[in-house]
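Open the structure in your viewer and keep the selection tool at hand. The stops below say what to select and what is there.

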Amino acid sequence: MKITLDADKCCAAGQCVLIAPEVFDQRDEDGVVVLLDAAPPAAQHDAVREAAAICPATVIEVHA
Amino acid sequence: MSPTTPMSEMSEMTMFTAPAPLPVEPPSGCPFDPPAAFAALRTTQPISKISLPDGSWAWLVTRYADIRTILGDTRFSSDTTVHGYPLSGMTGGPSTRNRGFIRMDPPEHTRLRRMVTREFMVKRVEALRPEIQRITEELCDAMERAEGRTQGGVDLVQALALPVPSLVISLLLGVPYEDHDLFQGLTGTLLSRTVPDDEREAARAELRDYLDRLVTAKEADPGDDILGRLIVEQQRTGELTLPQALNSVRAEGTPIDVAAFAALLLIAGHETTANMISLSALTLMRDPATAEKLRQEPALIRGAVEELLRFHSIIRNGPRRAATADVEVDGHLIRAGEGVVVAVPSGNRDESVFADADRLDVCRPNAQHHVAFGYGIHQCLGQALARVELQVVLGTLLRRFPAMRPAVPVEEIPFRTDMSIYGCHALPVTW
C-alpha cells in the first residue's frame, strides 16, 4: 500500500488521526494532516482505508 | 373549498399547493427517532421540495450518498450572500452581516478556519482530557449533594450536560464563565426555530455587543486563550507595516473579525455537546444492558459515542447550501441559484449504509461514517473536543451513577422539537 495526500484540501477535522494514529498526524501550526508512514505495514491497511473513506475533504488517496 | 368542487378540479388544485415544510416532529411516542417522513422520502423522493417560513422553497436531501455528494462539492456554496441561498428560517438567523467562516466559501473560509484549527486538533484536545475529567467530577460531586434527587429529581441538563461544554469552551476562548446566563440565554434564542426572525436578530445583536465589549477589553491584555491569540494575530496583521507582497495578500482577504469568531465558537461549542450529553445519558438509562456492557468494558465508549452521534443526529435544521452551477445529483438536476437543505438525521438512518439503522448498536463497525458533524470542508471544527467531552461525561456518569434514571415518565420530558438542535430542555433524574 502507498498513500498520497492532497494536504491543501485538508480541513483539519482530525478523523484520520483518530482512526490511524500510527500513519497520520496533524502539524502543530494549523492541524493540517501529516503523513507519518507513506507505506504502512499490512496491519494498518484496514484503518488507512477507513480513514480515507471518512476524510471529509477526500485528502487521502490509497494506492494498492 | 366548496363541498361541490368536482374531484378533477380538487386534484389539480392539490398539484399546485405549496410543498410541506421541513419535517421536525419525531414519531409519536418515539422521541429518539427522526421524523417519520424521512424514511419514505429516501425511498420515493430522495431530493424533494420543502417550503421555508417566508414562503420560498428549497430542495431537501435525505439520502446519505446524496448528502455527502452535496456537502463535498464546493459548487454548493455556504456563502449566505450568494444568490438563492435559503436564508429563511436558518439556524442562527438570516442576517448576512458579521458572518462567521461557516457562512463563507474558500479561499476566505480556508484562511479563517485555519487560524483556529490548531486549537481543536486531536492532540491539543487529548491534552485537555484531564481538565475535562476534573470539571466533570466536580459537577458530579455537586450533583451527589443536591437535594433535588429526592424532591422531583435533579435536572441533568442544568447540573451537568450544559455546564461541562460551557465551562470548557469559555475556558478555551477566554470568555468569563460568570457570564454564562447571558450567553446561554442568547444562544437559546438564536437556535430556536419558533421565535420570529426579528427576535433572533435582536439576540444576535446583543451577543455581538457583549463579545465586542469583551474583545475590546482583551485588546490591552490578550491572554493565553483562543480570543487572545486571535487578537494578537489581528494586531499583527492590522498594525504592522507589511512588505508589499504581504499587503497584497491581505488586501484580498476580509479583516479578521474576532467577535464573529467568538460568536461562532461560543454558540457551536456548548449547545451541541450539551444536547448530545443529555440525549445519550437518557438513552443509556433506558437501555440497562448497553449501559452495563459499557461499564464492564470502558474501551467500548469511544465507539459508543460515534454510534450515539449517528443515532441522535441532533442537527435538525440543515446544513444549507446554494447551488452556484447546474449540478446533477443522482439523476436529479439542481439548478444554479436554488437552495438546498440537508437532512442529517435522515442520512444517518439510511439503511443502505447503516444496517438496521433504527437500532442503537454501540459496537456498530461503521458508526464513524455518520454525518452528524456534517461532511466536506465545513465539517465540525470542534469534533475532537465534542468526542472527548462525550466520552468523559458518559463514562463518568456510568461509573458514578449506575442507578440513575429519569425522575418523570418519558412522555413528560420536554424534548426540543422547537429548536434547530434537538435534545431535552430539561431532564429530571434521580438515583
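This tour of a predicted model goes through ring pairs, charges over rings, nonpolar cores, cavities and two helices of chain B.

**Aromatic rings**

Begin with the rings. A pair of them is described by how far apart the centres lie and by the angle of the planes. Over all chains, a search of the whole structure finds six aromatic pairs. Select B:W57 and B:W59: the ring centres are 5.0 Å apart and the planes stand at 85°, so this pair is edge-to-face. Are both partners buried or exposed? B:W57 is partly exposed, with 32% relative accessible area, while B:W59 counts as buried at 10%.

Next select B:F401 and B:W431, an edge-to-face pair with 5.0 Å from centre to centre and 75° between the planes. B:F401 lies in the loop between α16 (383-400) and β9 (405-406) of chain B, and B:W431 in the segment after β10 (428-430), so the pair ties together parts that are 30 residues apart in sequence. B:F401 is buried, at 5% relative accessible area, and B:W431 is buried too, at 19%.

For a cluster, select B:F32, B:F415 and B:Y422, which are linked by ring pairs.

**Charges over rings**

Return to B:W57 and add B:K49, which lies over the face of that ring, 4.1 Å from the ring centre. Then select B:R349 and B:F311: the charged end of B:R349 sits over the ring of B:F311, at 4.2 Å from its centre.

**Nonpolar cores**

Nonpolar side chains tend to be buried together in soluble globular proteins. The largest nonpolar core here has 119 residues, and those touching the most other members are A:F24, B:M143, B:L156 and B:L207. Colour helix α12 of chain B (residues 258-285), which gives the largest share of this core, 17 residues. Now centre on A:F24 and show its surroundings. Leaving out residues up to four places away in sequence, A:F24 touches A:I3, A:L5, A:C16, A:V17, A:V33, A:V34, A:L35, A:L36, A:V48, A:A51 and A:I60. Apart from the largest core lies another, of 19 residues, including B:I67, B:V342, B:A357 and B:V371.

Which residue of α12 is worth a stop? Select B:T283, whose place is in helix α12 of chain B. B:T283 is buried, with a relative accessible area of 7%. Not counting residues up to four places away in sequence, B:T283 touches B:F32, B:L308, B:H312 and B:L360. B:F32 also belongs to the ring cluster above.

**Cavities**

How many cavities of 30 Å³ or more does a search of the whole structure find? There are four. The largest has a volume of about 120 Å³. To find the largest cavity, select A:C10, A:A13, A:G14, A:C16 and A:C55, which lie nearest its centre among the 16 lining residues. A:C16 is also one of the residues that A:F24 touches.

**Helices α8 and α7 of chain B**

Select α8 (residues 180-190) of chain B; its buried residues are B:F183, B:Q184, B:L186, B:T187, B:G188 and B:L190. The elements that cover them include α7 (163-173), α9 (197-219) and α12 of chain B.

End in helix α7 of chain B, at B:V168. B:V168 counts as buried, at 3% relative accessibility. Residues up to four places away in sequence aside, B:V168 touches B:I132, B:I135, B:L385 and B:E389. For a last distance, add B:H369: its C-alpha atom and that of B:V168 are separated by 27 Å, with the two positions 201 residues apart along the chain.

Definitions and conventions: Residues are numbered from 1 along each chain as its sequence is written. Chains are lettered from A and ligands numbered from 1 in the order in which they are written. This is a predicted model: local features need pLDDT of at least 70, side-chain atom pairs count only at pLDDT 80 or more; totals for chains, interfaces and linings use all residues. Side-chain values use heavy atoms; hydrogens and water are left out. Rings of Phe, Tyr and Trp (its six-membered ring) pair if their centres lie within 6.5 Å; planes under 30 degrees apart count as stacked, over 60 as edge-to-face and the rest as tilted. Buried means under 20% relative accessible area, exposed over 50%, partly exposed in between (1.4 Å probe, protein chains only). Helices (H or I, at least four residues) and strands (E, at least two) are DSSP runs, numbered from the N terminus. A charge sits over a ring if NZ of Lys or CZ of Arg is within 6 Å of the ring centre and within 35 degrees of the ring normal. A nonpolar core is a set of buried Ala, Val, Leu, Ile, Met, Phe, Trp, Tyr and Cys residues joined through side-chain atoms within 4.5 Å. Contact means heavy atoms within 4.5 Å. On a 1 Å grid over the protein atoms alone, a cavity is a set of points where a 1.4 Å probe fits but cannot get out, and a pocket is an open set with protein on both sides within 12 Å along at least five of seven lines; lining residues have an atom within 4 Å of a point. Grid points are joined across faces, edges and corners, and a volume is the space filled by probe spheres set on the points.
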